[in-house]
Amino acid sequence: MVTALGYGTTGFSIGQRVFGLTDWYRDGTLAEDIAVEARNLVPLPGDVDFTTAAALVMPGLTAWQGLFEHGRLHSGQSVLVHGAAGVVGSMASQLAREAGAYVIGTGRADGRQTALDFGAQEFVDLDKDALKDVGKVDLVFDVLGGDIAKRSVGVIRVGGTLVTIAGPTEARPADGLTIDFVVETDRAQLSEVVQRARNGRLRTTSVP
């Protein structure tokens with residue numbers, strides 16, 4: 001809730017409900033009050049509660065940027081989403097499915113139904129199933145890193161992309177790209193995410 005405006009700030013008013021992502025060098029979001037750059041905030045629609053909004057920001061922006069900004073995913077492609085039952089993976093699965101992609105989720109056996117409920121059309125149990133049996137996909141969205149990232153390279157089509165948030169990796173698809181990134185604030189993307197939540201096209205999950 002906006003309680004004060006800095007000199008020259010426009011587009012917001014005292015008492016307005018807002019949400020967004022602070023700059024990494026500022027942090028402080030556990031404080032009762034925090035100064036945030038106005039460019040990092042978006043008005044929060046009245047029909048979205050604060051708990052939902054807080055659950056949308058980091059996972060929603062991470063999934064959006066990984067899939068569309070870095071992964072260049074589009075309709076008709078296939079994507080392997082690691083950790084598909086988790087907070088980021090479930091967002092990625094929903095967004096990819098809505099974009100017209102074929103979604104394969106991975107995780108542990110107890111996450112199978114959650115992954116399927118949140119948009120995955122297939123599920124791979126990383127403890128029991130062979131990742132290579134997936135076939136070839138256009139994009140891998142990785143939140144796990146390590147050996148999983150290395151194994152994932154083998155299921156990416158020539159010229160495909162591995163996008164990871166788990167840090168730099170030497171894993172590289174044939175004639176393709178590996179991109180590791182850190183989520184950034186983006187008002188337009190956040191507006192897209194919250195609109196999808198408002199009309200039921202994007203749901204949050206409390207599963208860690």
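Which residue in β6 is the bridge partner of V81? In this predicted model, the bridge partner is F141. The strands β3 and β6 pair over three bridges, and the sense is parallel. Strand β3 covers residues 78-81 and β6 covers residues 137-142.

β6 also pairs with β7, the strand of residues 156-164. This pairing is parallel too and runs over five bridges. Within β7, L162 stands opposite V140. β6 is mostly covered, as five of its six residues are buried.

The interior was examined next. The largest nonpolar core holds 37 residues. F19, L67, L73 and V79 have the most contacts inside this core. Several elements each supply at least two of its residues: the helices α1 (50-70), α2 (87-98) and α5, and the strands β3 and β6. Helix α1 gives the most, with eight residues. A second core is separate and has 14 residues, among them V124, V137, L162 and A171. L162 is thus named twice, as a member of this second core and as the residue opposite V140.

V79 was followed in detail. Leaving aside residues up to four places away in sequence, V79 touches L67 and L73. V79 also touches A96, A101, Y102, V103 and I104. L139 and F141 complete the list of residues that V79 touches. F141 is also the bridge partner of V81.

Charged pairs come next. Side chains of opposite charge can pair when their charged atoms come close. Nine salt bridges are counted in the model. One of them joins R196 and E98, with the closest N and O atoms 2.7 Å apart. R196 lies in helix α5 and E98 in helix α2, so this pair ties together parts that are 98 residues apart in sequence. R196 counts as buried because its relative accessible area is 12%, below the 20% cut-off. E98 has 35% relative accessibility and therefore counts as partly exposed.

E98 forms a salt bridge with R201 as well. Here the closest N and O atoms are 2.5 Å apart. This pair, too, links distant parts of the chain. E98 is in helix α2, whereas R201 is in the segment after α5, and 103 residues separate them. R201 counts as partly exposed because its relative accessibility is 40%. The salt bridges extend into a network that links E98, E192, R196 and R201.

Another salt bridge joins the side chains of D133 and K132, with an N to O distance of 3.5 Å. D133 and K132 are both exposed.

The surface also carries a nonpolar patch. W24, M58 and V182 form this patch. Together they have about 300 Å² of accessible area. V182 is found in a loop, between β8 (177-180) and α5 (187-198). Its relative accessibility is 57%, so V182 counts as exposed; the cut-off for exposed is over 50%.

Helix α5 recurs in these results. α5 supplies at least two residues to the largest core. The same helix holds R196, the partner of E98. The loop that contains V182 ends at α5.

Notes. Residues numbered from 1 in each chain as written. Predicted model: local features only at pLDDT ≥ 70, side-chain atom pairs only at ≥ 80, totals over all residues. Heavy atoms only, no water. Patch = residues over 30% accessible without salt bridge, like charges linked within 9 Å, V, L, I, M, F, W, Y side chains within 5 Å. Areas by Shrake-Rupley, 256 points an atom, 1.4 Å probe, with all protein chains shown as cover. Salt bridge = Lys/Arg side-chain N within 4 Å of Asp/Glu carboxyl O. Helix = DSSP H or I, 4+ residues; strand = E, 2+ residues; numbered from the N terminus. Buried < 20%, exposed > 50% of the residue type's maximum accessible area, 1.4 Å probe, protein only. Core = buried A, V, L, I, M, F, W, Y, C linked by side-chain atoms within 4.5 Å. Contact = heavy atoms within 4.5 Å. Pairing = 2+ DSSP bridges.
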